[in-house]
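Reader: I would like a close look at a single part of this model, taken slowly, with each term explained when it comes up. Please tell me what that part touches and how its neighbours are arranged.

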Amino acid sequence: LGDDFQNVKTYANKFVEDIFNITGNSAQVAVVSFAQDVEPLNFQTDIVEVQNFINSRNTGQLTKLYDAMQYGGNMFASNPIFDTKTIVTFTDGKDNASIINDYRIVREQLGDKGIQSNTIGLRGKGDMDESILDSLAINGSFSPANSVEDLEAIFEDYSREITDVYN
């Protein structure tokens, strides 16, 4: 992502802010960061905690997309109190470092857990595989972004979609 990473963090923070504002601060939000490592922030009800975690993220050369998505699904499995289980995954490249080597495994696991999965891929920044990201959008949608500026509207659309289900 290079110089665009700060913009991505800004859009992600706005996404989180929208989720909390629309739900009257009753949402629980978790974040799973992935590059060389999968780094989670478990479910939070404190927007500042979530945004601080997002702001502390750094880019890397590796992409552990499948491991991160599996981790996100497992976070829901260990917190069965949720009626609505939705993940939004953003990447600018294809998986090149996960222990899980087949996206179909992640797709099956998320589907078995009843998780709605939405995926966002940024074209032109990495070696993104749109067909895999589309396949990983389970009961959700895949949104390709042609530029980092397109991400703002995509994140905004997902925040409305998720909170509409919540409300």
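Author: What follows is a walk around one helix, α3, and the elements beside it. This is a predicted model, in which local features need pLDDT of at least 70 and side-chain atom pairs count only at pLDDT 80 or more, while totals for chains, interfaces and linings use all residues. Residues are numbered from 1 along each chain as its sequence is written, and side-chain values use heavy atoms, with hydrogens and water left out.

Helix α3 covers residues 65-77 and packs with helix α4, residues 103-112, at an angle of about 10°, the two axes being 10 Å apart. Helices are DSSP runs of H or I with at least four residues, strands are runs of E with at least two, and both are numbered from the N terminus; axes are lines fitted to C-alpha atoms, for helices over the stretch in contact, with angles from 0 to 180 degrees between N-to-C directions. α3 and α4 are therefore roughly parallel to each other, a term for angles under 35 degrees, with over 145 roughly antiparallel, 65 to 115 roughly perpendicular and the rest oblique. The crossing of α3 past α4 is left-handed, that is, the near helix is turned anticlockwise from the far one by less than a right angle.

On the α3 side, Tyr66, Met69, Gln70 and Gly73 make the contact, and on the α4 side Tyr103, Val106, Gln109 and Leu110 do so, contact meaning heavy atoms within 4.5 Å. By class, these residues are five nonpolar, three polar and no charged (Ala, Val, Leu, Ile, Met, Phe, Trp, Tyr, Cys and Pro count as nonpolar, Asp, Glu, Lys and Arg as charged, and the others, Gly among them, as polar).

Helix α3 also lies across strands β3 and β4, and runs at about 165° to β3. Both strands belong to an open sheet of three strands, ordered β3-β4-β5 with parallel pairing, where two strands pair if DSSP finds at least two bridges between them. β3 (86-91) and β5 (142-145) are the edge strands, each with a single partner, so one side of each has no neighbour in the sheet. Direction ignored, neighbouring strands here are turned by 15° against each other on average. Strand β4, residues 116-122, runs parallel to β5 and is joined to β5 by four bridges; within this region, Gly121 stands opposite Pro144 of β5.

Taken together, α3 has α4 as a roughly parallel partner and lies across two strands of the sheet, β3 and β4.
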